[in-house]
Amino acid sequence: DKSVSVNQGTFATSDQGRKRILVIFGAAQININQSLDQIQACIEDGYDIFVILSDLAGKIFQIDEIRNVCGIDRVITDSDVDDLNFFLNGFCLTMIATLSQTMLSKMVLGIADTPSVFLPLQALARGDRVVGVSTQLQKKTPKLMQFRSVHRQLSDLGVELIRTDQIADLIMSDGTRVFYTESPNNKKTVITASAIDRLSSRVSELVCPVNSLVTPLAKEIAARKKINLIN
């Protein structure tokens with residue numbers, strides 16, 4: 001088997017028949033137990049999960065707990081990545097499990113100075129699917145960094161935003177189910193015809209936020225594309 005050398009041990013490739021997911025953890029002061037539970041459910045269902053943590057995330061989170069879930073040879077930090085080429089192909093999905101404030105800003109500005117930021121930006125450039133687990137930032141956060149200021153820009157980049165409890169559902173649907181990004185600040189979410197039209201031909205289900213408004217033309221296009229709208 002091919003492997004990627006790191007400072008401690010090796011990062012082995014997955015079996016041919018298994019789905020490979022790249023999961024990235026940015027540094028954030030949050031509890032990641034629910035994320036790990038969701039990831040473990042995917043592993044138990046046969047998915048091969050590789051994890052990269054930003055160097056700061058590796059100091060904040062208990063990296064041994066992540067390795068207990070994903071495997072010691074499946075979890076490394078930014079500074080351990082010796083060969084980026086290994087991560088540039090063969091992953092069906094890139095999941096940013098914790099979108100840190102720094103990562104949000106760097107992605108919007110295109111500052112790809114670490115593997116944990118470079119890889120999702122490269123995936124987007126290739127047209128691959130990139131999903132981020134959204135977290136509302138505190139009101140004390142400076143206006144420039146507030147989630148609402150980058151929410152639309154991330155969506156424009158092509159990043160899908162979901163909740164932590166939706167991670168396993170999204171991964172295990174293998175691209176047939178999409179979660180529509182909720183509007184920030186508890187505003188009513190409006191799902192337009194153009195949003196439905198942009199969905200991949202593989203999508204058969206669109207999970208809409210609670211109390212969202214689907215325009216009549218959007219419903220018409222969804223029916224034509226045979227996409228089931230789920231509340």
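The legends below describe close-up views of a predicted model.

**View 1. Helix H3 and the face formed by its buried residues.**
In helix H3, which spans residues 63-70, the buried residues are Ile63, Ile66, Arg67 and Cys70. Because these buried residues fall within an arc of 100° when seen down the axis of H3, they line one face of the helix. Asp64 and Asn68, on the other side of H3, are exposed. Just after the helix, Gly71 adopts a positive phi of about 110°.

**View 2. Elements that cover the buried residues of H3.**
The cover over the buried residues of H3 includes three strands and one helix, namely strand E3 (19-25), strand E4 (47-53), strand E5 (75-77) and helix H1 (33-44). Strand E5 contains Thr77, and contacts of this residue are the subject of the next view.

**View 3. Surroundings of Thr77 in strand E5.**
Thr77 has a relative accessible area of 11%, which is under the 20% limit, and is therefore buried. When residues up to four places away in sequence are not counted, Thr77 touches Ile52, Leu53, Asp55, Gly58 and Ile63. Of these contacts, Ile63 is also one of the buried residues of helix H3, while Ile52 and Leu53 fall within the residue range of strand E4 (47-53).

**View 4. Cys70 and Cys208, two buried cysteines.**
The structure holds 0 disulfides. Cys70 accordingly takes part in no disulfide, and the nearest cysteine sulfur, which belongs to Cys42, lies 10.0 Å away, whereas a disulfide would require a pair of sulfur atoms within 2.5 Å. Cys70, which is among the buried residues of helix H3, has a relative accessible area of 11%. Cys208 is likewise buried, with a relative accessible area of 4%.

**View 5. The largest cavity and its lining.**
A search of the whole structure finds 1 cavity of 30 Å³ or more, and the volume of the largest cavity is about 60 Å³. The cavity is lined by 13 residues, of which Phe91, Thr94, Ala123, Arg126 and Asp128 are the closest to its centre. At least two residues of the lining are supplied by strand E6 (93-98), and at least two by helix H5 (115-126). Sorted by class, the lining of this cavity consists of 7 nonpolar, 3 polar and 3 charged residues.

How values were computed. Residues are numbered from 1 along each chain as its sequence is written. This is a predicted model: local features need pLDDT of at least 70, side-chain atom pairs count only at pLDDT 80 or more; totals for chains, interfaces and linings use all residues. Side-chain values use heavy atoms; hydrogens and water are left out. Buried means under 20% relative accessible area, exposed over 50%, partly exposed in between (1.4 Å probe, protein chains only). Helices (H or I, at least four residues) and strands (E, at least two) are DSSP runs, numbered from the N terminus. The arc is that of the directions from the helix axis to the C-beta atoms. Contact means heavy atoms within 4.5 Å. On a 1 Å grid over the protein atoms alone, a cavity is a set of points where a 1.4 Å probe fits but cannot get out, and a pocket is an open set with protein on both sides within 12 Å along at least five of seven lines; lining residues have an atom within 4 Å of a point. Grid points are joined across faces, edges and corners, and a volume is the space filled by probe spheres set on the points. Ala, Val, Leu, Ile, Met, Phe, Trp, Tyr, Cys and Pro count as nonpolar, Asp, Glu, Lys and Arg as charged, and the others, Gly among them, as polar.
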